[in-house]
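I opened the notebook to look at one enclosed space, then one chain, then one residue. My notes follow below.

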Amino acid sequence: MNAEQRRVPAEKAFEELAKLKGEGYNVLVDMTAVDYSAWGKAPKGDVSDAFKRAHPMECADLTHSIAGATGEEYGTPHLPGRPTLDEPRPAAPVSTRFDVVYRLMKLDLQSGEDLGRVYLHCDVPEGAPVLRSVKSLWPIADWLEREVWDMFGIGFVDRPDIKRLLLYEEFQGHPLRKDYPITKRQPLIGPKEGEPPGNPSFNHVEQPVKYE
Amino acid sequence: MSETTETGRRRKSYLLNMGPQHPAMHGVIRLVLELEGERILKSDAEIGYLHRAFEKHAETEPWNNVVPWTDRLNYVSPLINNAGFCLAVEKLAGIVVPERGQYLRMITSELSRVTDHLTCIGASAMELGAFTVFLYLIKAREYIYQLVDNITGARITTSYTRVGGVKGDLPEGFAERTREVFQKVRQAIKDSDLLLTKNRIFMDRMEGTGVISKEEAAAYGITGPFLRSTGVPYDVRRAHPYLLYDRVDFEVPVGTTGDNFDRYLCRMAELEQSMRIVEQCFDQIPAGKHSLEVSEMKDAFVFQDMGKGGQTALLKKYMAKVDQTLAESGRNYRPDILLQNPSFVMPAKEDTYGNIEGLMNHFETVMWTWGIKIPPGEVYSAVEGGNGELGFHIVSSGDDRPYRVRCRPPCLNPMAALEKILPGSYVADIVPTFGSVNMIAGELDR
């Protein structure tokens with residue numbers, strides 16, 4: 001699966017994506033994000049010796065090339081012809097917290113061939129939204145952006161009232177952020193005291209209505 | 001809600017919740033429909049009722065422990081998910097599975113695709129009233145589940161692959177048994193074909209409903225049989241051959257109109273293609289060492305007693321008599337199906353129990369933070385799932401566990417496209433359209 005990897009600032013992502021759409025990248029295969037705030041930190045339950053232990057793969061001299069090079073995804077040096085495409089992220093703190101990835105494909109609708117893919121990475125900081133929504137370019141982005149908001153809390157400038165996709169509205173926090181503990185509990189939701197019984201969250205049986 | 005049209009007539013529409021408790025919504029989807037009479041004006045799908053935090057969980061466990069969770073993604077074709085996840089990890093690690101192991105992954109993937117399509121066709125036919133077809137096809141699926149059970153030890157929660165290969169080899173006589181099962185499956189497909197394909201009632205419900213054009217399907221990122229029914233022959237196995245799919249001959253069936261009936265025909269045709277692939281794999285698969293001379297084998301307890309009695313020098317001569325489908329067993333045939341790199345795979349049980357190096361190696365792979373380590377980087381790898389392109393985006397920070405795992409669920413796209421497909425049709429059309437999406441909540445909600 002050959003793909004060209006590009007990295008653009010978040011402010012310019014929409015222009016770049018619109019340009020790519022114009023070049024014939026008609027399928028938004030996937031859109032997702034990665035939270036790099038815990039990059040380089042040891043996982044829970046770490047034995048520090050384990051990290052000192054040299055691993056043959058870690059010792060390998062990873063060859064980096066600059067962003068924008070063509071070829072396959074990150075490869076390993078002992079397999080020639082698979083250049084590394086983006087330098088591994090530096091240890092924390094990184095410049096921005098999130099990396100949002102758009103995966104585009106140029107699909108030939110007659111022959112069904114994949115004419116090429118572009119993976120567009122954007123550095124997105126935490127806080128006020130900077131990305132623009134691309135649902136006007138690919139309608140599937142509507143749901144994918146909702147999922148990114150749901151899981152990471154990454155907002156979109158022109159979608160101020162974006163809705164969660166998988167979780168419920170009362171959910172507190174964004175679970176795929178690295179600072180969301182896996183053991184965190186959520187408060188129980190239900191009708192609050194004094195809430196009228198006609199509220200949709202109230203489990204009640206509608207009384208028959210008289211027709212006039 | 002009511003509005004006045006140009007002609008002065010008052011148009012009244014109302015909202016209807018279809019699901020999550022509706023049987024045709026499989027208990028996990030809510031469609032909020034705006035209806036005018038029985039005609040749909042607007043539809044909004046609400047998903048997430050089966051969200052199980054797959055991606056979050058995957059960040060907390062070592063690489064191989066994620067495999068059982070991938071079973072639960074598309075639980076109708078779990079073996080494809082197993083292979084998809086491990087292929088992505090192996091791509092990042094730059095390791096290649098032995099040839100026989102790759103064939104085994106192909107065989108199991110295609111068996112899973114058959115079960116997936118059989119379920120989809122059977123269930124959607126049942127929802128339209130054809131209960132006989134459902135029974136025929138689910139019976140055929142059960143035969144294949146028995147084959148899967150013979151290989152993996154489980155019908156659905158298979159967890160068959162490991163990073164670096166597969167869990168165990170094929171049981172003896174598997175190819176012959178599969179050929180017998182395929183005869184029964186082909187008969188069931190033929191019967192169902194006779195019952196459905198020219199059935200007036202079935203065609204009236206399926207033809208011309210749920211239509212989507214090529215361009216719209218591409219805009220929604222739809223792949224798999226749903227896209228192929230519109231006439232785009234995109235198949236990951238053909239466009240980006242993974243495993244050894246470039247060595248087998250198969251066709252990519254396509255439709256023309258992109259309606260429910262075409263999707264049904266596409267799936268029916270793909271069933272045959274998948275079975276063809278399995279049969280070709282049996283012809284091509286390099287021979288594995290299935291069994292040894294009895295004199296070389298000892299019962300496992302004898303083997304263990306020898307070790308305890310200090311006869312360790314002799315242990316290397318003998319093999320333990322265990323079933324070859326068991327995980328981590330069988331020093332003799334493991335090199336055929338699993339990579340022999342101690343950085344990635346567990347040693348054979350004979351070595352774990354038989355010598356100190358094997359024992360140390362075993363513990364190093366299972367100890368917390370000592371397990372297999374994948375070099376830092378990021379990778380996206382896709383396989384053709386039952387519903388389309390099943391992608392795994394994996395980020396590794398060099399630890400013994402993933403930094404991030406993202407699954408691209410192929411049935412999310414047609415679900416999102418329902419808002420485009422459904423308006424204008426009737427409530428009764430939802431059932432065949434939703435059936436042909438083959439929504440699998442485990443994968444959609446993750």
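**A cavity between chains**

I looked up the lining of the second largest cavity, and its largest share, 3 residues, comes from α1(B). I noted the ground rules next: this is a predicted model, where local features need pLDDT of at least 70, side-chain atom pairs count only at pLDDT 80 or more, and totals for chains, interfaces and linings use all residues. Residues are numbered from 1 along each chain as its sequence is written, chains are lettered from A and ligands numbered from 1 in the order written, and side-chain values use heavy atoms, with hydrogens and water left out.

I took a cavity as a set of points, on a 1 Å grid over the protein atoms alone, where a 1.4 Å probe fits but cannot get out; lining residues have an atom within 4 Å of a point. Grid points are joined across faces, edges and corners, and a volume is the space filled by probe spheres set on the points. Helices (H or I, at least four residues) and strands (E, at least two) are DSSP runs, numbered from the N terminus.

I searched the whole structure and found 9 cavities of 30 Å³ or more. The second largest has a volume of about 70 Å³. Which elements supply at least two residues each of its lining? They are α4 (141-152) of chain A and α1 (54-58) of chain B. From chain A, I listed A:E147 and A:M151 among the lining residues. From chain B, I listed B:F54, B:E55 and B:K56, among others. The lining divides into 6 nonpolar (Ala, Val, Leu, Ile, Met, Phe, Trp, Tyr, Cys, Pro), 1 polar (the others, Gly among them) and 5 charged (Asp, Glu, Lys, Arg).

**Chain B**

I counted 19 helices and 12 strands in chain B. Its C-alpha atoms fill a box of roughly 95 × 45 × 35 Å along the principal axes. Of its 446 residues, 63% count as buried (under 20% relative accessible area; exposed is over 50%, partly exposed in between; 1.4 Å probe, protein chains only).

**B:L50**

I then turned to B:L50, in the loop between β5 (39-46) and α1 of chain B. B:L50 is partly exposed, with a relative accessible area of 28%. B:V28 is 22 residues from B:L50 in sequence and 6.6 Å away, C-alpha to C-alpha. Leaving out residues up to four places away in sequence, B:L50 touches (heavy atoms within 4.5 Å) B:V28, B:Y75, B:A441, B:G442, B:D445 and B:R446. I found B:D445 and B:R446 in the cavity lining too.

Conventions:
On a 1 Å grid over the protein atoms alone, a cavity is a set of points where a 1.4 Å probe fits but cannot get out, and a pocket is an open set with protein on both sides within 12 Å along at least five of seven lines; lining residues have an atom within 4 Å of a point.
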